[in-house]
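Biologist: I have just opened this model and would like a friendly tour. Could you take me through it step by step?

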Amino acid sequence: MGLDAYVYCRCWQDGLATPPPVGPVGLDEEGNLDLLLPWEGNEDAHDAFQHWVAHACPHDLMEQAGERVSNWGGLRLFQQTLEAAGWSHFPTLHAGLPSANGGWMPAEQAARVLDELDFFVHRARIEDEVVLVDEATGRELMTYVAAYCGVTMLGPGYRAGVDPDGFFVLDPDADPPVTLFRASRFEQRVLPDGQVEFTGGGMTARVVMPPIGEQGTPPPRFKVESRPRSAADFDYIVGALRRLCEASVATGNPVMWY
């Protein structure tokens with residue numbers, strides 16, 4: 001799950017696309033180019049319309065640009081970094097990045113986003129990140145995302161994650177949730193009955209949950225630390241947003257989120 005987006009080309013608007021085989025064609029209430037007929041009773045017409053969209057012009061699906069922006073965790077971490085650097089520098093990104101799939105961003109806003117992305121890359125002050133690492137190798141296993149209250153693992157009877165105060169495991173079924181374990185440096189031991197035993201910070205807890213770093217042999221020792229982060233860590237998001245916004249400015253069409 002995550003955020004994707006596209007920008008329509010201008011072929012249909014400028015009369016450069018092949019004529020649609022059915023009609024009426026126009027923009028629906030969500031800003032999508034569509035056959036403006038109810039689906040029920042017009043299934044064949046909608047199928048013909050979709051086939052036309054796929055072949056009406058040289059652009060795939062009549063899109064000038066189409067991008068996978070990020071999964072939601074990555075996007076929330078990007079927004080967290082923007083907030084720490086100061087939303088006053090990124091007012092359009094603050095207002096324009098969606099909180100869920102759907103909606104659009106007008107071309108006028110896309111032009112301002114390009115300037116804000118340049119500021120982020122070249123001038124923003126990027127704060128350190130809080131991470132959980134394998135103590136032996138230094139490999140990062142979890143990153144603190146404030147929007148998720150640090151939770152990165154969840155299942156029946158547990159919530160686990162990392163925040164500035166350390167690694168934690170919660171019992172979400174209690175009201176309010178009970179902290180089963182918290183430590184900044186700790187060990188884990190996988191027990192044969194499906195439980196994981198955590199020891200550290202003067203606490204010991206046994207929880208039925210997957211071990212941390214369960215691929216292969218789970219590491220035994222962990223620590224929570226702060227590590228430097230740079231704008232380059234978000235190149236994949238910045239690049240996708242830049243390409244979308246450049247296409248939006250060039251065509252005058254909005255960025256469509258989905």
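Modeller: Here are some questions and answers about helices, strands and single residues. This is a predicted model, in which local features need pLDDT of at least 70 and side-chain atom pairs count only at pLDDT 80 or more, while totals for chains, interfaces and linings use all residues. Residues are numbered from 1 along each chain as its sequence is written, and side-chain values use heavy atoms, with hydrogens and water left out.

Biologist: What distance separates the end C-alpha atoms of helix α1?

Modeller: Helices (H or I, at least four residues) and strands (E, at least two) are DSSP runs, numbered from the N terminus. The expected span of a helix is 1.5 Å times one less than its number of residues. For the 13 residues of α1 (43-55) that gives 18 Å, which agrees with the distance in the model, 19 Å.

Biologist: Within what arc do the buried residues of α1 fall?

Modeller: Buried means under 20% relative accessible area, exposed over 50%, and partly exposed in between (1.4 Å probe, protein chains only). In α1 the buried residues are A45, H46, F49, W52 and V53. They line one face of the helix because, judged by the directions from the helix axis to the C-beta atoms, they fall within an arc of 115°.

Biologist: Which strands do those buried residues of α1 pack against, and which residues are exposed on the other side?

Modeller: The exposed residues on the other side of α1 are D44, H51 and H55. Contact means heavy atoms within 4.5 Å, and on the buried side the partners are β2 (25-27) and β3 (33-35).

Biologist: Which strands stand at the edges of the four-strand sheet, and why is one side of each left without a neighbour?

Modeller: Two strands pair if DSSP finds at least two bridges between them. The open sheet has the order β4-β1-β16-β5, with antiparallel pairing. Each edge strand has a single partner, so one side stays without a neighbour in the sheet; the edge strands are β4 (63-71) and β5 (104-105).

Biologist: Which residue stands opposite A5?

Modeller: Strand β1 (residues 2-8) pairs with β16 (residues 255-257) in the antiparallel sense over two bridges. Opposite A5, in β16, is W257.

Biologist: What is the average turn between neighbouring strands in the six-strand sheet?

Modeller: That open sheet runs β7-β6-β15-β12-β13-β14, with antiparallel pairing. Its edge strands, β7 (140-143) and β14 (203-208), each pair on one side only. With direction ignored, neighbouring strands are turned against each other on average by 25°.

Biologist: Is Q195 buried or exposed?

Modeller: Q195 lies in strand β13 (residues 195-200). Leaving aside neighbours within four places in sequence, Q195 is in contact with R189, V190, R206, V207 and V208. At 18% relative accessibility, Q195 counts as buried.

Biologist: Which side chain makes a polar contact with that of Q13?

Modeller: Q13 sits in the loop between β1 and β2, and counts as partly exposed because its relative accessibility is 38%. A polar contact is a pair of N or O atoms within 3.5 Å; within protein, one must be able to donate a hydrogen and the other to accept it, and residues adjacent in sequence count only if both atoms are side-chain atoms. At 2.8 Å, the partner of the Q13 side chain is that of N253.

Conventions. Axes are lines fitted to C-alpha atoms, for helices over the stretch in contact, and angles run from 0 to 180 degrees between N-to-C directions.
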